[in-house]
Amino acid sequence: MKIHPLITTTKELSALVSRMSTHDFVTVDTEFMRENTYWPDLCLIQVATTDEAAAIDPKADGIDLTPLLDLLVNNHAVLKVFHAGGQDLEIIHNLTRKVPNPLFDTQIAAMALGYGEQVGYSNLVESVLGHTLDKGARFTDWSRRPLDKRQIDYAIADVTHLAEIFPKLVKKLIKTGRGAWLDEEMERLADPSSFAFEAEEAWKRLKLPSRNPAVLGRLKALAGWRETEARSKNLPRGRIVKDDTLNELASHPPKTQDDLGKVRGLSSGWRANDIGARMMSALATAKPLEGDELPQREPSRPGLTKDAALVSDLLKLLLKIRSKEAGVAAKLIARSDELEALAAGVRKNLHILDGWRFEEFGRDALDLVEGRLAFATENGKLKMSRIPVDSGELQTA
C-alpha cells in the first residue's frame, strides 16, 4: 500500500479522491480536539483504500475539503468504513449537514462476530491481524503544527489496518449469515437526527429534576438558552452552566438577576453581567409545558414486582448463555431495560421480539417468561429445558 506525504493542497486532495472514488470502499478516521470547544476542532482526516492511504490537513492554508466531503456524503457507490465512528460522523455532519452513506462500522460488526462488547480499535487489530499498535502518539495535541512523521504515521495506521480488517470481517459475516443483522444498526448510525437538534430540544437530553410542567418549562427555556450561548461562543455546555445548576435554577428560579449571585455554581459576577441578563430573559419567557410535551413515564420500563425482578434476572442469565453460544456480544442483542420490560409484561416495541434478535434470543426469552422454558441441572451442569404445552414433562433445549 502506498502511503502519501501529508496532503495540504486542494490539487493533491482532488487527485487522491478521484482515485479513491473507483474503489468499493474507503476507510475513514479523524483526529480532533474538543476539550475546550462546543464544536469539535477537526485537525486531521485519514483515508485509505486497498491501494493507498493518506492524511489530509484541514488546517492547511487554502485547502478546500469539498472533493473529500463529496466522496463521503454524496458518492453512494463507495462504502465508507469507520471504527466506532460516532464522533467522526458528527464532525462530517457538522461540515455538510449530511451523514456518510452507505457506511459500515467495524466495532458493531465485531460485536456481531463475538469480539466482545464495544471492542477497542487496538484490540481488534491485535485479534484480527496479530499486530500491536504503537500508542505513543495517543495524547498528541493534534491542533499544533507542524505534525511530525511519527504523529502522521500513527494517524494513518488507523485507516491502513482498517482496510485490512474490513474484508476479513465481511467474510466472517457472510460465513455466519450475520450480514443482515447489521442493516438496522447501520441505519440507526446514519440517521442525521442523531447529530442535529434544535436548541429548544436540548432539555430532552438532560436528567429531568421532576415532571412538574412549570419546572420543565423553565428547564426547557434554560437549556435552550445555554445551547445557544455554547454554540455562539464555541464553548462546552458545562463552561456556560453545569447541568446540576440548570436543574437548580429550574426548580428554584431566582426572582431577580441579583439573586444569581447566591446560586451555587454561578459566580457573583452573574448579578450584573450580560450573560446573567440573557439567562433571566430566558426564564422570563418560560411557560409550563403543555400535556402533549410532557415526557412519557417510560412505558417500556414499568415498575417490577419482586417476582418480575427475579424473572428479569433469569432473562439476563439466558442472555449470557445465548450470547456465548452464538458468539455475539450480549449488548448487541438486548439491553437491560428491554429485559425488565419483557419480564414486566410488555410485548410491543421491543427490539428483542423482532428480526434476528427474536430468532437468536427473543423467542427463548418469551418462552421463559411465559413458562415454556425453564432452567434445569443435569449432573451438576446448568441446562435449558423446554416445557411442552400439553404435558408437564421437561425436554432439554
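I started with strand 5 and strand 6 (residues 103–105), which pair in the parallel sense over 3 bridges. Checked one of the partners: Lys80 is bridged to Leu103 in strand 6. Worth jotting down that I'm working from a predicted model.

Next I looked at the other pairing of strand 5. Strand 2 (residues 25–33) runs parallel to strand 5, and 3 bridges join them. From the strand 2 end I picked Thr27, whose bridge partner in strand 5 is Val81.

Then I asked myself which way the side chains of strand 5 (residues 79–82) point. Leu79 and Val81 go one way, Lys80 and Phe82 go the other, and all of them are buried, the lysine included. That fits the general rule that side chains in a regular strand alternate between the two faces of the sheet.

On to the cores. The largest nonpolar core has 82 residues, and Val47, Ile56, Leu68 and Phe361 have the most contacts inside it. I looked up which helix gives the most to this core: helix 6 (residues 149–176), with 6 residues. Another core lies apart from it, with 27 residues, including Val215 and Trp270.

I followed up on Leu68. Leaving aside neighbours within four places in sequence, I find Leu68 in contact with Leu13, Val17, Ile45, Val47 and Ile56.

Last stop, the surface. Leu314, Leu317 and Leu382 make a nonpolar patch of about 230 Å². Leu382 sits in strand 8 (residues 381–386). Is Leu382 buried or exposed? Neither, quite: its relative accessibility is 47%, so I log it as partly exposed, given that exposed means over 50%.

Definitions and conventions: Residues numbered from 1 in each chain as written. Predicted model: local features only at pLDDT ≥ 70, side-chain atom pairs only at ≥ 80, totals over all residues. Heavy atoms only, no water. Patch = residues over 30% accessible without salt bridge, like charges linked within 9 Å, V, L, I, M, F, W, Y side chains within 5 Å. Areas by Shrake-Rupley, 256 points an atom, 1.4 Å probe, with all protein chains shown as cover. Salt bridge = Lys/Arg side-chain N within 4 Å of Asp/Glu carboxyl O. Helix = DSSP H or I, 4+ residues; strand = E, 2+ residues; numbered from the N terminus. Buried < 20%, exposed > 50% of the residue type's maximum accessible area, 1.4 Å probe, protein only. Core = buried A, V, L, I, M, F, W, Y, C linked by side-chain atoms within 4.5 Å. Contact = heavy atoms within 4.5 Å. Pairing = 2+ DSSP bridges.
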